[in-house]
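Student: Please take a close look at the strands of this model. I would like to know how they pair and what packs against them.

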Amino acid sequence: MWIDIAGLPVERLVFSPSPLAELGSALHALAEPGHHPGLHGWTTATASALKADLADRLREADFLWGPTFSDVTMAFAAVADAAGQPGATLAEDLDLLDRLDDELYVDAALEITCSSVYTRGRRSPLVDAESRRMALERAAARGPRQSDFARRLLADPPAVRAWIRRLFEDCDQAFFADVWQRVRFQLAADARHKAEVLRRKGLADALAEVSPAVSLDEERSRIVIDKLSHGHTTATDPAVGAGVTFVPSSFGWPHMMVLHAPGWRPVIHYPVAAPELAGPASVALLESRLDALAHPMRLRMCRNLARTAYTTGELAAVHEISAPEVSRHLAVLRKAGLLQTRRRGRYVQHQLDVQVVARLGSDFLEGVLR
């Protein structure tokens, strides 16, 4: 995924926390606790303390922040005179959300899957029959509750928008005000630090501070985000104010969200810390490791290599294949960084790097959810 920044002045790159974006991340963690093992204690305690009415309303609207995210929690990116700056308070962020017209709001709210039309752009379901059909079809696939919510939003946007604002405000009263009081200083400090790195050392170093998954392609004047999903946008659209906004999140890991819808200012919503493992493998390396382990013969070899070191000849004998064929399989495992090889006299021995393989569970989670 990439963002075109050709000719973009460095002062158009903004680092700033967003209370509403952080609330969206917190609601996602409550809706999908399996995505966030590091937050298990918080999600369990918060969910159990919710009043029944609020819990029911959160379930009613959960496809806005469930398995995939809508863009409504980053409304500042669609308000040109916001200059890419989120509100300083939740109320200010909600006021920015209220400034979206109904067509844009409904379109953002009902973008509940990573569909291919997201990057290309499409007309709002409020005015386009095909977009409406697709939105209702996606909502129905999530379940009857989500389907009913989508139909109500399409039938009466002002009423449902007011309902959603009250829901956010009630979340603030129930738990988020305390959360924001706890995390806002950390997020503000993170944003200031990265802005200072940008000023002193340049964009490449600032992006490296954001995440190992974010980098600068100087030759093509692009910010590149290492994600399994594909997409691109431009940071030079004057209609929404040229620039890119970087929003830190204490709830985000392992997700890194990239708002790249046409007509919206690009936003990179990044986690400030990885509570489980730092320095995730790149998607390319993760894919090579999964491919290496997907072959049935290599998988059987790994069962041996995990226990002790083997020579090529020993593996050939155990699996009743030729030594050259074993060598080809070992080369694939070695290229993926899964093997340790050492020489003992005239013998070359190979053994599975169990620590690397053990990381695959966490790397896989981060790779597919980033």
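Tutor: In this predicted model, 4 strands make up an open sheet with mixed pairing, and their order is E3-E4-E1-E5. Strand E3 (214-217) and strand E5 (232-234) are the edge strands, each pairing on one side only. Between neighbouring strands of this sheet the average turn is 20 degrees, direction ignored. Helix H10, residues 203-210, packs on the sheet and touches E3 and strand E4 (222-225). The direction of H10 makes about 160 degrees with that of E3.

At the E5 edge, the partner is strand E1, residues 2-4: E1 and E5 pair in the parallel sense over 3 bridges. One residue pair places this in the sequence: Ile3 has Thr233 in E5 as its bridge partner. In general, strands of a sheet pair through backbone hydrogen bonds, either parallel or antiparallel.

The antiparallel sense appears further along the chain, around strand E11 (residues 347-352). Strand E10 (residues 339-344) runs antiparallel to E11 and is joined to it by 6 bridges. Arg344 of E10 has Tyr347 in E11 as its bridge partner. E10 and E11 form a hairpin, with 2 residues between them. In the turn, Gly345 has a positive phi of about 65 degrees. E11 also pairs with strand E9 (residues 310-311), again antiparallel, through 2 bridges. Here the bridge partner of Tyr310 is His350 in E11. E11 therefore has pairings with both E9 and E10.

Notes. Residues numbered from 1 in each chain as written. Predicted model: local features only at pLDDT ≥ 70, side-chain atom pairs only at ≥ 80, totals over all residues. Heavy atoms only, no water. Pairing = 2+ DSSP bridges. Axes fitted to C-alpha atoms, helices over the stretch in contact; angles between N-to-C directions. Contact = heavy atoms within 4.5 Å.
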